[in-house]
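Student: I would like to take a close look at a single part of this protein. Could you walk me through it at an easy pace?

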Amino acid sequence: MTDSVTGAGDGTRAVRAGLPEPVKHEPTLPGPVFAAHFHLPGDPTGPYTYGRDENPTWTHLERAIGELEAPGRDDVETLVFASGMAAISAVLFSQLSAGDTVVLPDDGYQVLPLVRAQLEAYGVEVRTAPTGGDAQLDVLDGAKLLWIETPSNPGLDVCDVRRLVEAAHARGCLVAVDNTLATPLGQRPLELGADFSVASGTKQLTGHGDILLGYVTGGDAAAMASVRRWRKIVGAIPGPMEAWLAHRSIATLQLRVDRQNANALVIAEALRDRHEDLGVRYPGLPGDPSHKIASQQMRRFGCVVSFTLPTRARADRFLDALRLVDDATSFGGVRSTAERRGRWGGDAVPEGFIRFSAGAEDPQDLVADVLRALDESSQPTPSE
């Protein structure tokens, strides 16, 4: 693995991350390796034995992500998975056993309630508290694992990762941080003291809405060995083509993140300055409740903005009126998306709550489209 990105800027690191040493006449980024098995005479030793355990294409991608999550560190390991939920499940179910206690956010990703039910079915005690105000501290005693999601999805609250990590470690508790919304260019949980940084690479890391991927990065060899064993048991592995596409996409991560974050800020400012109170949330807004803490631990504030329209019907009219923004779930893609988040039923949000993901369009076009759609949607249809 080349060390040429050590000490480099984010753009250089993203472009060079995970590339193998150059070999004459070989591609700079080798193509995907499609192999269920490898030549293996004699004892089963070496890096590649069977396709469920390892793949050279994963190796390059895992090195790339590790260089972004923990630049300059040789003691971290990254494991890639078939999806973000596969990565989340791998940490939770590899680290927890019957009788253990885990602390989850009660305002996190909408699949977490399903995870809670499964953990409780396995005899794990689950406690929850909001992300904002570091409220998880109040239910931390006796826990084996603290799960942090900051900024939270979709409410965009932020907690003080360093403070929570210090309190958790003082109690002998591991800490995992869901870094999906921030990306490694926005926040590095391991530098803040966390034991695991976990993310859905489906979102802004790969950024084109065409790959399902997840990963876990950690610095504790024993804990990561358990995560690796879980991946082997459940077989939650990415295909080599997905892994290769993800690695290729990371090269433009800094370009995409900076454009999308800038667009998110101008959208948030336009919504904030509108004549109606929309309850706008974006950690990058100076007046946002999360801004102070976010500024202390984040280097970029993400591409997601949330706001609330007064009714479900108004929200639906707004989404229908958008021309440059797709009505779609997920976030982080180069094409802007928005959705009425309450339609899924798993988030404690008002019916008119909108999660908006800023893409890479020209900012003036995006703002004009959003403001026009707001104006058009303010008038009820005759049927209403």
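Student: Which residues of α7 are buried?

Tutor: Happy to help! A word on the source: this is a predicted model, where local features need pLDDT of at least 70 and side-chain atom pairs count only at pLDDT 80 or more, while totals for chains, interfaces and linings use all residues. Residues are numbered from 1 along each chain as its sequence is written, and side-chain values use heavy atoms, with hydrogens and water left out.

The buried residues of α7 are P240, A243, W244, L245, A246, H247, S249 and I250. Here buried means under 20% relative accessible area, exposed means over 50%, and partly exposed is in between, using a 1.4 Å probe and protein chains only. Helix α7 covers residues 240–250, and 8 of its 11 residues are buried, leaving the helix mostly covered. Helices (H or I, at least four residues) and strands (E, at least two) are DSSP runs, numbered from the N terminus. As for the partners, the buried residues of α7 pack against α1 (10–16), α2 (56–69) and α8 (253–272). Contact means heavy atoms within 4.5 Å.

For another covered element, turn to strand β11. All 5 of the 5 residues in β11 (residues 353–357) are buried, so the strand is largely enclosed by the rest of the structure. In a regular strand the side chains alternate between the two faces of the sheet. Both faces of β11 are covered, with F353, R355 and S357 buried on one side and I354 and F356 buried on the other. Two strands pair if DSSP finds at least two bridges between them. Strand β8 (residues 304–308) runs antiparallel to β11 and is joined to it by 5 bridges, with F307 opposite I354. Strand β10 (residues 337–340) also pairs with β11 in the antiparallel sense, over 4 bridges, and there E339 stands opposite R355.

Two single residues round off the tour. Q95 lies in helix α3 (residues 84–95), and it counts as buried because its relative accessibility is 9%. Not counting residues up to four places away in sequence, Q95 touches D100, K144, L174, F196, A223, S226 and V227. V177 belongs to strand β5 (residues 174–178) and counts as buried because its relative accessibility is 0%. Leaving aside neighbours within four places in sequence, V177 has contacts including I148, V161, P189 and F196.
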